[in-house]
Amino acid sequence: MLSEHKSPDLSRIGEVVEATSISFTVHCYELHLGAPLGALIKTDTPEIFAVVNNVSTSSIDPTRRPVARGQDEKDSDSVYLHNPQLKKLLKTEIHALIVGHKDNNNLHQYLPALPPRIHAFAHHCNIDDLRKFTQKLGFLPLLLEGPPTLADEITSAFLRQAALTHPDPDSFLFTSGQEVAQLLGNDLRRLNSLLRRLK
Amino acid sequence: MSIDRLGIIIGGSWANGLDIKLNSSFEIEDVIVGSLVTVQGKNSRFFGIISDMVLEASDQSLRSSPPDIDDPFITKIISGTGAFTVIKFSPHLSITNKANSILHGPEPALTIPSHFASAFPASDSDINLIYGKEDEKHLWIGSPLGLEDSRLCIDLERLVQRSTGVFGRSGTGKTFLTRILLAGILQKGVATNLVFDMHNDYGYQGTNEKGNPVKGLKLLFPNRVALFSLDRDSFVRRKVSPDAEVKIGYAEITPDDIRILAETLDLSHLAVEATYRLAQFYGQSNWLREFLSIDPRDELNELAKSLNEFPSTLGSLHRKLERLKRLSFVTETAPEDAVTRILEYLNRGIHVVLEFGKYYDDYLAYIFVTNLLTRRIHEQYVRRVEESMGDQSKEPRPLVITIEEAHRFLTPAIASQTIFGNIAREMRKYKVSLLIVDQRPSGIDEEVLSQLGTRMTYRLDNERDVDAVLAGASGARELRRVLSRLDSRQQALIFGDALPMPTVIRTRDYGTNESYQEFGLKNSVDHQKQMEQDAKDLFGDGE
C-alpha cells in the first residue's frame with residue numbers, strides 16, 4: 001500500500017504554474033532537481049506531453065535576489081546547511097514545449113486544443129512512456145521551432161535520451177536523423193551540426 | 001519475386017526526359033546508364049531507358065561545406081535526403097491496362113506518368129513483353145544491360161525489310177554481331193544471304209581476338225551455304241575446296257564498273273568519260289579487250305584522234321586499267337558466268353559467301369567485284385519482280401547483301417551513282433536490301449544512312465562518326481549520351497525498325513560450342529539426317 005502510494009509521488013515533479021498553447025511552466029517540488037533538459041514530461045487529465053527546454057532556479061520573491069553567503073564556508077553544501085531558510089526562499093521551475101497529447105487513449109503528436117490547467121500535476125515519463133511516444137516522430141517540427149541553436153540542443157538531447165529506451169539505439173538515431181534531414185533539407189549546415197550532436 | 005523500387009518520378013518533361021529520385025536504399029553504382037526501366041503509371045506501364053544520372057543537393061551549401069566524410073553516420077543520413085541522385089528516364093513505349101492494348105503489345109508512348117509514379121528496373125517478363133520471345137521471326141541477339149540472363153530479341157522480319165548498318169571501331173565486335181545476324185537470317189529463313197567477305201571472316205572460318213578459330217557460315221550450315229572464291233589457292237592452303245570459283249571476263253566489265261573505281265584507281269573525270277566513249281567505239285563487250293590490247297606507245301595517238309580525246313588521258317587510263325588486268329580473277333574470257341552461277345544458288349535458297357582470299361586488303365578488288373556482281377544480280381531481281389507483276393508467289397526470295405567498308409562505296413560523291421546507293425534508296429522494292437558493316441559512318445552519304453532501317457553501333461570515338469550514325473534518329477540527343485558511354489567490347493546500341501525502342505545490349509556469345517548449338521549445329525546423328533535432307537533440297541529428288 002505504502003509502495004503503491006509512493007510510486008505516483010516519485011514520478012511527480014511539481015505543478016503547472018503557467019500555461020500557453022505551445023508550452024507550460026512547472027514549479028518543481030524539489031529545489032535544483034525537477035527534470036533534465038530534453039526530458040519528456042507529462043501532465044495528468046488530460047495527458048499532455050512536453051519536452052523540457054529550460055530549467056531555471058531563482059528567488060521566490062522577484063524583488064529579493066539571492067546574495068552570496070559562503071565567504072566563510074568551505075563549500076556550497078555548507079551554505080545550505082547553515083542557511084536552512086534558503087530552501088524556502090528559492091524555487092526551481094522548468095519550462096517545457098508541448099509535443100503531443102492523449103485523447104481517449106489515442107496518442108496525437110500535435111498541439112492539444114487547450115493547454116493544461118494551472119495546478120495540474122506534472123510527472124516524469126518512464127522508459128516505457130518514452131519509447132512508446134517516440135515510435136513515431138511527427139512531433140519533430142514542434143521541437144525544431146524557435147531559435148535554431150537552442151532548438152537543436154533540445155532536440156538532440158531528447159533524441160539521445162529516447163534512443164536509450166529503444167532495443168536498437170543506433171537504428172533509432174539513424175531513423176530520427178533521416179527525419180530531421182527531411183525537415184532541415186534546405187539548411188545543410190544546421191543539419192550537419194544537429195546530426196553531430198546526435199551521437 | 002519482388003523487385004526493389006528504383007525510385008519515384010519527381011519531375012521532368014516528355015521532351016527532355018523524366019526525373020526519378022533514386023531510392024536511398026538503392027546503391028547508385030548499381031544503376032547503369034542505358035539500362036531499361038519500367039514505370040508504373042495509374043493506367044499504363046511505361047518502358048524506357050536511363051539516359052542520364054545527376055547528383056543533386058537540397059541546399060547548395062552542400063557544395064561548399066560538405067559533411068565530414070569520415071563520419072559515416074552523418075554522411076549516410078545526408079545521402080538520400082539532403083544529397084540525392086536523380087535519374088533521367090525517357091519513356092519510349094507504354095502499354096495500357098485495356099485488353100486490346102495488351103494484345104498489340106507496347107506502343108510508342110504519347111503521354112507520361114504522373115508525379116510520384118514508381119519506377120523499377122525492367123524485369124525478364126518486361127523484356128519478353130517489349131521485344132518478343134524467340135520464335136521464327138525473332139532472333140535472340142543478346143542481353144540488355146544489367147540483365148545478363150535475359151534474352152533480348154530483334155524482329156528479324158522487320159530487320160530485313162530495309163537495309164541495316166552495323167558500325168563500330170575495329171575490334172569492337174562488328175564482325176561477331178554480323179555473324180550472329182547472318183546465322184540468324186539463315187536459321188530463321190527470312191531471307192537469303194549474299195556476303196562479300198573481304199577479310200575471310202564469314203565464309204569458312206574466322207578468328208576471334210585471341211586468335212582462336214571461330215566457325216563461319218559454311219561450317220555452321222554446311223549444306224545451305226555455298227562458298228565462292230576469288231582466290232582458289234587460299235582454299236587449297238586450308239585444305240578446303242570452295243563450291244565455285246569466280247572469274248570475271250573482260251566482256252562483263254562496263255564503264256559504270258570503272259566509274260566507281262575512279263577514286264581507287266585515281267582516274268580523272270576525263271578518263272572516266274573516256275571509258276564511255278571507248279565502249280561506244282568498240283562496243284560494250286569488246287571495249288576493254290580491245291583497249292588493253294593496243295600498244296600504248298604506238299597506237300594510242302591514233303585512237304585519241306578517232307575518239308577526240310587527249311592522248312594523255314587515254315595513256316593514263318590505259319596504265320591504270322592494267323591494274324585490273326593484274327587481278328588474277330580477271331581474265332579475257334571467263335569459263336562461266338559467275339553471276340548466273342550465284343543466282344542459281346540464290347534462287348534455290350542457298351546462301352552465298354564470296355571469300356576474297358589473298359585480296360583481303362585489296363580495296364580495288366573488293367570494290368570492283370562487289371559492285372560489278374551486285375549490279376548484275378540486282379538487275380536480275382528487278383527483272384523478276386517486274387515480270388511477276390505483283391504475284392507474290394513469282395517474286396524472288398528476299399535477298400540481303402552484306403558489304404564491308406561501305407564508306408568506300410557510299411561516299412557522298414559516288415553514292416548516287418553506285419548500285420548500293422540505289423538499293424538503299426529503293427527500300428526493298430525489288431526484294432534486295434543491304435547489310436552494311438563499317439567503321440567510318442561519317443564517310444557514308446547522309447541520304448543512304450538515313451535509309452537504313454536499323455542501326456547497330458558499337459562504341460565510336462570520333463564525333464563525326466557519332467553524328468553520322470545518329471543522323472535522322474529520333475531522340476538522337478539522348479542516344480548520343482548513351483553511345484558515348486558504351487563499353488568498348490560487346491556492348492552495342494541498337495535502334496530502328498527491328499526494335500520497338502533504342503536499346504543497349506551485350507551481344508550474345510559466338511564462338512563457343514554452346515553458341516554453335518544454339519544456331520542449330522547438330523551432333524553427328526541429327527547431322528547425318530539433316531545432311532540427307534539438305535542434299536535433297538540442293539540437288540532435287542530425282543537422280
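Here's a quick briefing on two contacts in this structure: one inside chain B, and one between chain A and chain B. Keep in mind that you're looking at a predicted model. Inside chain B, domain 2 and domain 3 bury about 1,200 Å² between them; across the chains, chain A and chain B bury about 1,400 Å². Salt bridges turn up at the domain contact, where the rule finds 2, while the count between chain A and chain B is 0.

**How chain B is divided**

- The domain assignment splits chain B into domain 1 (7–122), domain 2 (154–247 + 335–511) and domain 3 (252–324).
- Domain 2 of chain B comes in two stretches, 154–247 and 335–511.
- Measure from C-alpha centre to C-alpha centre and domain 2 and domain 3 of chain B sit 32 Å apart.

**Where domain 2 meets domain 3 in chain B**

- Domain 2 of chain B puts 14 residues into this contact, and domain 3 of chain B puts in 12.
- Carbon and sulfur atoms give 65% of the roughly 1,200 Å² buried here (about 1,200 Å², to keep the wording straight).
- On the domain 2 side, look at B:L364, B:F368 and B:R375: together they supply 46% of the area that domain 2 of chain B buries against domain 3, more than any other three residues.
- B:R375 also forms a salt bridge with B:D257, with the closest N and O atoms 2.6 Å apart.
- In total, the rule finds 2 salt bridges across this interface.
- Polar contacts link 4 residue pairs between the two domains, counting pairs with both residues at pLDDT 80 or more.
- By class, the domain 2 side of the contact has 7 nonpolar, 3 polar and 4 charged residues.

**Where chain A meets chain B**

- Chain A brings 17 residues to the contact and chain B brings 16.
- Of the area buried between the chains, about 1,400 Å², 67% is on carbon and sulfur atoms.
- A:F174, A:L188 and A:R189 are the trio to pick out on the chain A side: they supply 39% of what chain A buries against chain B, more than any other three residues.
- Two helices of chain A, α7 (169–183) and α8 (188–197), are the elements that give two or more residues to the side touching chain B.
- Sorted by class, the chain A side comes to 7 nonpolar, 6 polar and 4 charged residues.
- No salt bridges are counted between the chains, but 3 residue pairs are in polar contact, again with both residues at pLDDT 80 or more.

Definitions and conventions: Residues are numbered from 1 along each chain as its sequence is written. Chains are lettered from A and ligands numbered from 1 in the order in which they are written. This is a predicted model: local features need pLDDT of at least 70, side-chain atom pairs count only at pLDDT 80 or more; totals for chains, interfaces and linings use all residues. Side-chain values use heavy atoms; hydrogens and water are left out. Domain bounds come from an automatic or database domain assignment. Contact means heavy atoms within 4.5 Å. Buried area is the accessible area (1.4 Å probe) that two parts lose on being put together, summed over both. A salt bridge is a side-chain nitrogen of Lys or Arg within 4 Å of a carboxyl oxygen of Asp or Glu. A polar contact is a pair of N or O atoms within 3.5 Å; within protein, one must be able to donate a hydrogen and the other to accept it, and residues adjacent in sequence count only if both atoms are side-chain atoms. Ala, Val, Leu, Ile, Met, Phe, Trp, Tyr, Cys and Pro count as nonpolar, Asp, Glu, Lys and Arg as charged, and the others, Gly among them, as polar. Helices (H or I, at least four residues) and strands (E, at least two) are DSSP runs, numbered from the N terminus.
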